[in-house]
Amino acid sequence: MKGNKQEIIAGDESTNVQGGNVLVIQQNGLNYDQVRQVAMDIFKNNFYYLREKASEIAEKRAEEITKKYIEELHKNSLSSLQNTQDPDVRYSLYEIQKSYARHGSMAKAELLVDLLVRRTMTKQHSFETIVLNEALITISKLTLEQMDILSLIFIVRDIYLKTNPPFEFYYETFFDKFLEIIDIPQGRMFYEHLNYSGCITIENNSENLADLIEQFNSQPIFSSFPKLIQLEECWNDSLVSQCTLSTVGIVIAISNLKMRLGIEDLIEPFDYLQN
């Protein structure tokens with residue numbers, strides 16, 4: 001790009017779509033190596049040209065996350081490689097390349113790849129693709145601590161499993177491990193930013209932790225779980241007790257929880273969004 005001019009370079013058997021400041025190259029029938037090359041072409045044609053070392057770091061990071069994305073997509077759904085021809089998927093790919101090139105956070109990279117793989121496997125444009133696209137953009141606006149809080153809100157307020165296990169299973173699988181690695185911030189701006197980013201709604205009324213836990217299907221006795229007792233005061237005195245998750249917040253919360261706890265297919269975002 002020079003000045004206000006935008007240059008389109010077409011490859012064999014390709015269709016170029018240009019809108020605003022983003023160039024999307026659409027090709028028909030791609031294999032693994034071609035997908036990787038096209039993905040990097042998207043990044044090089046759109047990312048701000050940086051100088052010397054900064055440019056090298058940005059390109060290296062873009063290569064890293066592109067490689068991780070294609071490997072995960074190949075592992076999860078080989079047939080979905082062809083879905084990378086969708087201009088909307090290409091645009092989302094560029095967004096995660098740009099985000100990772102800027103911050104270089106491996107933890108965020110894992111979330112971005114997980115969501116983009118899901119987005120790529122969802123071929124038809126739908127409610128799911130809209131939510132996933134928005135989640136991919138929103139992650140770059142959040143800290144890791146904020147994503148942990150989204151996950152905490154999710155396991156306290158929203159989590160359920162189709163097998164309908166007793167609360168003890170939820171506690172051992174989710175709460176016990178997760179409560180070891182998080183803290184609850186007290187500052188209002190922390191939650192106001194989550195609200196601004198579209199991840200939560202802040203309600204007028206707060207809900208005590210004990211009341212929320214005892215609403216689980218097996219009606220657990222709150223005082224039987226020491227880690228929840230330790231969490232109770234921080235929860236009740238914080239704005240987190242007034243927060244509920246948006247659709248985007250749920251998707252980010254689940255992906256973050258799966259990454260943090262190493263859980264693969266136990267919980268699926270759209271099981272929650274379709275109810």
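Colleague: Is I200 buried or exposed?
Modeller: This is a predicted model, where local features need pLDDT of at least 70, side-chain atom pairs count only at pLDDT 80 or more, and totals for chains, interfaces and linings use all residues. Residues are numbered from 1 along each chain as its sequence is written, and side-chain values use heavy atoms, without hydrogens and water. Buried means under 20% relative accessible area, exposed over 50% and partly exposed in between (1.4 Å probe, protein chains only). I200 has a relative accessible area of 3%, so I200 is buried.

Colleague: Which strand is I200 found in?
Modeller: Helices (H or I, at least four residues) and strands (E, at least two) are DSSP runs, numbered from the N terminus. I200 falls in the run covering residues 200-202, which is β3.

Colleague: Which residues is I200 in contact with, leaving aside its neighbours within four places in sequence?
Modeller: Contact means heavy atoms within 4.5 Å. With those neighbours set aside, the partners of I200 are L150, I153, Y191, L194, N195, C243, T244, L245 and S246.

Colleague: How far apart in space are I200 and G249?
Modeller: Along the sequence, 49 residues separate the two. From C-alpha to C-alpha, I200 and G249 are apart by 6.3 Å.

Colleague: G249 belongs to α11, doesn't it? How many residues of α11 are buried?
Modeller: Yes, G249 is among the buried residues of α11, along with others including V248, I250 and K258. The helix is mostly covered. Out of its 15 residues, the buried count is twelve.

Colleague: What distance separates the end C-alpha atoms of α11?
Modeller: The expected span of a helix is 1.5 Å times one less than its number of residues. With 15 residues, α11 should therefore span 21 Å. The model agrees, as the end C-alpha atoms are apart by 21 Å.

Colleague: Which residue just after α11 takes a positive phi?
Modeller: Look right past the end of the helix. The phi there is about 70°, and the residue is G262.

Colleague: What volume does the largest pocket have?
Modeller: On a 1 Å grid over the protein atoms alone, a cavity is a set of points where a 1.4 Å probe fits but cannot get out, while a pocket is an open set with protein on both sides within 12 Å along at least five of seven lines; lining residues have an atom within 4 Å of a point. Grid points are joined across faces, edges and corners, and a volume is the space filled by probe spheres set on the points. For the largest pocket, that comes to about 680 Å³.

Colleague: Which residues lining the largest pocket are the closest to its centre?
Modeller: The lining holds 24 residues. The closest to the centre are N76, D114, R118, K258 and E264.

Colleague: Which element gives the largest share of that pocket's lining?
Modeller: Elements giving two or more residues include α2 (52-76) and α11 (247-261). The largest share is seven residues, and it comes from α4.

Colleague: How many residues of the lining of the largest pocket are charged?
Modeller: Ala, Val, Leu, Ile, Met, Phe, Trp, Tyr, Cys and Pro count as nonpolar, Asp, Glu, Lys and Arg as charged, and the others, Gly among them, as polar. The lining has nine nonpolar and four polar residues, while the charged ones number eleven.

Colleague: Which element gives the most to the lining of the largest cavity?
Modeller: That cavity holds about 30 Å³ of space. Its lining includes V35, V38 and R90. With three residues, the top contributor is α1.
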